[in-house]
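This report describes a single protein chain, with attention to its sheet, its aromatic side chains and one residue of unusual backbone geometry. The sequence and the structure are shown first.

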Amino acid sequence: MDDYGKGDWSALVMYEEKRNRYFKQKEFNISDGDDPNEFMKVHDVVNAVTLKDDNNELVTVVTYED
């Protein structure tokens with residue numbers, strides 16, 4: 001017989017815990033012609049965002065695992 005009542009749910013969550021994860025950031029100035037694409041192809045990228053800096057130049061900040 002089930003120990004769960006009507007509407008009760010259970011879940012099993014499995015994941016791999018990565019230890020010793022270190023994140024680094026690298027900036028690319030798009031307005032100066034820097035291209036982050038080659039860098040992102042060979043690194044474990046966590047996040048990439050393109051913003052305007054104080055001089056209205058486009059800067060891409062890439063966060064990656066070391």
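Phe 28 has a relative accessibility of 8% and therefore counts as buried, the limit for that class being under 20%. The model discussed here is a predicted one.

**Aromatic pairs**

Searching the whole structure yields two aromatic pairs. In one of them, Phe 28 meets Phe 39 in a tilted arrangement, with the ring centres 5.5 Å apart and 55 degrees between the planes. Because Phe 28 belongs to strand β1 and Phe 39 to helix α1 (residues 37–41), this pair ties together parts that are 11 residues apart in sequence. Phe 39 has a relative accessibility of 14%, so this residue also counts as buried.

Phe 39 also forms an aromatic pair with Tyr 64; this pair is edge-to-face, at 5.0 Å centre to centre and with 80 degrees between the planes. Here the link is between distant parts of the chain, since Phe 39 is in helix α1 and Tyr 64 is in strand β3, 25 residues apart. Phe 39 and Tyr 64 are both buried. Through these ring pairs, Phe 28, Phe 39 and Tyr 64 are linked into a cluster.

The geometry of the pairs is set out below.

| Pair | Centre to centre | Angle between planes | Arrangement |
|---|---|---|---|
| Phe 28 and Phe 39 | 5.5 Å | 55 degrees | tilted |
| Phe 39 and Tyr 64 | 5.0 Å | 80 degrees | edge-to-face |

**The sheet**

Strands β1 and β3, which carry Phe 28 and Tyr 64 respectively, belong to an open sheet of three strands. The order of the strands is β1-β3-β2, and their pairing is antiparallel. At the edges lie β1 (23–29) and β2 (44–52), each of which pairs on one side only. From one strand to the next, the twist averages 20 degrees. In general, the strands of a sheet pair through backbone hydrogen bonds, in either a parallel or an antiparallel manner.

Between β2 and strand β3 (residues 58–65), which run antiparallel, there are eight bridges. Within this part of the sheet, Asn 47 stands opposite Thr 63 in β3.

**The loop between β2 and β3**

Asn 56 is located in the loop that lies between β2 and β3. Although Asn 56 is not a glycine, its phi is positive, at about 60 degrees. Is this residue, Asn 56, buried or exposed? With a relative accessibility of 56%, Asn 56 counts as exposed, whereas Phe 39 and Tyr 64 are buried.

Methods: Residues are numbered from 1 along each chain as its sequence is written. This is a predicted model: local features need pLDDT of at least 70, side-chain atom pairs count only at pLDDT 80 or more; totals for chains, interfaces and linings use all residues. Side-chain values use heavy atoms; hydrogens and water are left out. Two strands pair if DSSP finds at least two bridges between them. Helices (H or I, at least four residues) and strands (E, at least two) are DSSP runs, numbered from the N terminus. Axes are lines fitted to C-alpha atoms, for helices over the stretch in contact, and angles run from 0 to 180 degrees between N-to-C directions. Rings of Phe, Tyr and Trp (its six-membered ring) pair if their centres lie within 6.5 Å; planes under 30 degrees apart count as stacked, over 60 as edge-to-face and the rest as tilted. Buried means under 20% relative accessible area, exposed over 50%, partly exposed in between (1.4 Å probe, protein chains only).
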